[in-house]
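User: Could you take a close look at the metal sites in this one for me? I'd like one connected walk-through rather than a list.

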Amino acid sequence: MSTTSVTIDPITRIEGHLGIRVEVTAGRVTEAFSAGEMFRGFEVLLKGREPLDAQQITQRICGVCPVSHGLAAVLAQDDAYHSVPPENGLMGRNLIQAANFIQSHLVHFYQLSAMDFIDIAAVTSYAGRDPALNELKAWVTAQRSSNVLYPAAPFLPRYSGDYARSSELNITVLKHYLDALDMRTLAHRMGAVFAGKLPHAPGLVPGGITERVTAEKIATFDSMLSKLRTFIDGCYLPDVLETARAFPAYLKEGKGCGHFLAYGAFPEATPSAAPNLFPSGVLMDGRITALQPERITEDTGHAFYADPSGLPPATGRTVPAHDKRKAYSWVKAPRYEGKVMEVGPLARVLIACFREAESPLKRLAQRAMTDLGISTADLASVMGRHVTRAIECKVVADRCAHWVSRLVPGEPAFLDFDIPKTGEGVGLTEAPRGALGHWLAIRGGKIDNYQCVVPTTWNCSPRDDAGHPGPVEQALVGTPVADPDNPIEAVRVVRSFDPCLACAVH
Ligand code: NFE
Ligand code: MG
C-alpha cells in the first residue's frame with residue numbers, strides 16, 4: 001500500500017514556528033513528526049543575571065502567556081528566598097493569572113481554531129442587519145470574487161473540508177469571533193488593574209505584587225469581570241458545546257498518549273493548606289497519583305542540543321547543536337518517570353474528575369459530559385480539548401469574584417525578602433496551555449542555572465531516547481486524512497492542543 005508524506009510547515013493559526021509531517025497510508029496517519037524550528041536561548045541569557053531579572057526576562061518568552069512565566073519565576077524565587085505573599089498578594093496574583101487565562105482561551109477558540117470548523121463563506125448569504133457581520137460579508141465577498149491567488153489572511157485561503165452546515169452556528173460563531181476581539185482587550189485591561197500593565201506584567205515580584213489594592217481598583221476589576229463572565233456564559237461555552245455537537249467524530253479523533261500531568265494552580269491559602277482551584281496530579285492508566293516533581297527529566301536524543309539526555313531540570317543544561325544527527329526539533333522531550341505526558345486544560349479537568357474530592361472543574365465537566373452524552377474517555381479528543389478549555393475558563397472567571405472579595409484596600413500586597421548568595425528554588429504553576437515549571441539556582445548572588453519546562457515542550461515534544469513519540473505526534477496517528485492536499489483533519493488535531501512554539505523552544 002502506498003504512503004504519502006504530508007508536510008504542513010509552518011502550521012498557521014498557532015503561536016511560533018511548528019512544522020508537522022505525517023505519513024498517510026490508506027487514508028489514515030500512520031506516523032507523525034512534530035518539529036520546533038527555532039532556537040531562542042532564554043535559559044542561556046539568564047545566566048549571570050540578577051535573580052530579580054528573572055520574572056521580567058522570562059515574560060519575554062511569550063506574548064500570550066507571559067504572566068505564567070512571570071509567576072513561575074516569582075514562585076521559584078519565593079521558594080529560594082522563603083518569601084510568602086500576604087493575602088492581597090496571593091489574591092492579586094490569582095486575578096492577574098486568571099485574566100491571562102481568559103484572554104488566551106478566548107483567542108484560542110475564536111481566532112485560532114474556530115475557522116477549522118466554521119464556514120466563513122456562510123457570511124456571504126447573511127441577510128441580517130448586524131453592521132460588523134455586514135462589513136465581514138462585504139470583505140469576504142470581495143476576496144472570493146477578486147480571483148487573487150492568495151486572498152488576504154486571516155480567513156482565506158483555507159483547506160477545503162467538511163465545514164459546519166448550520167447557518168445559525170456559522171453566523172453565531174462568526175459574530176462572536178468579532179466580539180471576542182474586544183473581550184480579549186477587556187481581559188488584558190482587567191488583568192492590568194493589578195499587574196500594572198499587560199501583556200507583560202511589571203507588578204509580579206517575589207513576596208506578592210507591587211500594585212496597591214484600593215476600593216477603586218476593586219470596583220474597576222469587578223465591572224470588567226462581569227462583562228467577561230456574561231460573554232463566557234452566553235457565548236464562549238455554548239459556542240464550543242454547539243460546535244462539538246456539530247462534529248461528533250471529533251469527540252473520538254485525536255486521542256493522544258492517555259497520560260496526563262498537572263502541577264496545579266490558583267492557590268487559595270498560604271502556605272497551601274487548602275487545595276488549589278486547579279489541583280495537581282498525575283493520571284496514568286486511569287489511576288491518579290500525587291505529583292513528584294523530581295521524577296521529571298528531559299530527553300534530548302532527537303532535539304538539537306548537545307546536553308546529556310535524561311537530566312532533571314534542576315541540573316539541566318542548554319547547549320545548542322544545530323547539526324546534530326538524528327535530531328529533528330529544537331523542542332526537548334520532557335518525560336515523567338520516563339513516560340510521555342499531555343498537559344493543558346484536558347489534563348487539568350481529567351485530573352479534577354478522577355480525584356475523589358468535589359471541585360468546580362469536576363462539577364462543570366460532569367454537566368458538559370451529560371449535555372453531550374459522552375464519558376471522560378471521550379474528553380481525550382479534539383473536541384474534548386476545546387470543551388475542557390471552555391469549562392476551565394468559566395471556572396476561573398467565576399472564581400475571580402471570590403478572590404476579588406478577599407482583597408482588603410490599604411493592606412500590603414507584598415512582604416519584603418532577602419536574596420541569599422546561594423540558593424535554589426522551583427516554581428510550578430499552570431499556564432493556559434498546561435503545566436509550567438521554572439528551576440532556579442543562585443550562586444554568588446547571581447543566577448547560576450535557569451531551566452524552564454514549558455507546556456508546549458511537553459505537548460509538542462519530539463520522540464524521546466526510547467523512541468516514544470510526543471503527545472501531539474501520538475494524537476495524530478490514526479487520524480483520517482481524506483485528501484493529502486487538504487489535511488484539515490490533521491491541523492484540527494494539532495490546534496486542539498493550542499501549541500505555542502515560541503514557549504516550547506524558549
Ligand atoms: Ni507561549 Fe505558554 C502557555 C507557557 S505554552 S503560550 O500557556 O508557559 O507552552
Ligand atoms: Mg527548557
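Analyst: Here is a tour of the metal sites, with a word on the cysteines and the core afterwards.

Keep in mind that this is a predicted model. Let's start with ligand 1. Its nickel atom gets three protein donors, the SG atoms of Cys62, Cys500 and Cys503, lying 2.3 Å from the metal. The site is tetrahedral, and the angles among the nickel atom's four donor atoms run from 106 to 113°. For reference, the ideal angle for four tetrahedral donors is 109.5 degrees. The iron atom of ligand 1 sits 3.3 Å from the nickel atom.

Along the chain, the nickel donors follow the pattern C-x437-C-x2-C. Cysteine 62 and cysteine 500 bring together distant parts of the chain, 438 residues apart. Cysteine 62 belongs to the loop between α2 (54–59) and α3 (66–81), while cysteine 500 is in the loop between α14 (488–496) and α15. Both are tucked away from the surface: cysteine 62 is buried at 3% relative accessible area, and cysteine 500 is buried at 0%.

Now for the magnesium ion, ligand 2. Glu43 (OE), Cys452 (O) and His506 (NE2) are its protein donors, at 2.0 to 2.2 Å. Note that the cysteine here offers its O atom, whereas the nickel donors are SG atoms. The spacing in sequence reads E-x408-C-x53-H. Cysteine 452 comes from strand β13 (residues 446–453) and histidine 506 from the segment after α15 (501–505), so this pair also links distant parts of the chain, 54 residues apart. Cysteine 452 is buried because its relative accessible area is 0%, under the 20% limit. Histidine 506 counts as buried too, at 5%.

With that many cysteines around, you may wonder about disulfides. The structure holds zero of them. Take cysteine 460, which is buried at 1% relative accessibility. Its closest cysteine sulfur is the one in cysteine 500, the nickel donor, but that is 9.5 Å away and therefore too far for a bond.

Finally, a look at the packing. The largest nonpolar core has 156 residues, and Tyr110, Phe194 and Leu476 have the most contacts inside it. Helix α6 (residues 167–195) supplies the largest share of this core, 14 residues. Apart from this core lies another, of 13 residues, including Trp439 and Trp458. As for tyrosine 110, its contacts beyond its neighbours within four places in sequence include Val173, His176, Tyr177 and Ala180, as well as Phe231 and Cys235.

Key: Residues numbered from 1 in each chain as written. Chains lettered and ligands numbered in written order. Predicted model: local features only at pLDDT ≥ 70, side-chain atom pairs only at ≥ 80, totals over all residues. Heavy atoms only, no water. Core = buried A, V, L, I, M, F, W, Y, C linked by side-chain atoms within 4.5 Å. Buried < 20%, exposed > 50% of the residue type's maximum accessible area, 1.4 Å probe, protein only. Helix = DSSP H or I, 4+ residues; strand = E, 2+ residues; numbered from the N terminus. Contact = heavy atoms within 4.5 Å. Disulfide = S-S within 2.5 Å. Donors = N, O, S within 2.8 Å, 3.2 Å for Na, K, Ca; no water. Tetrahedral: all angles 85-135°; square planar, octahedral: opposite > 155°, others 65-115°.
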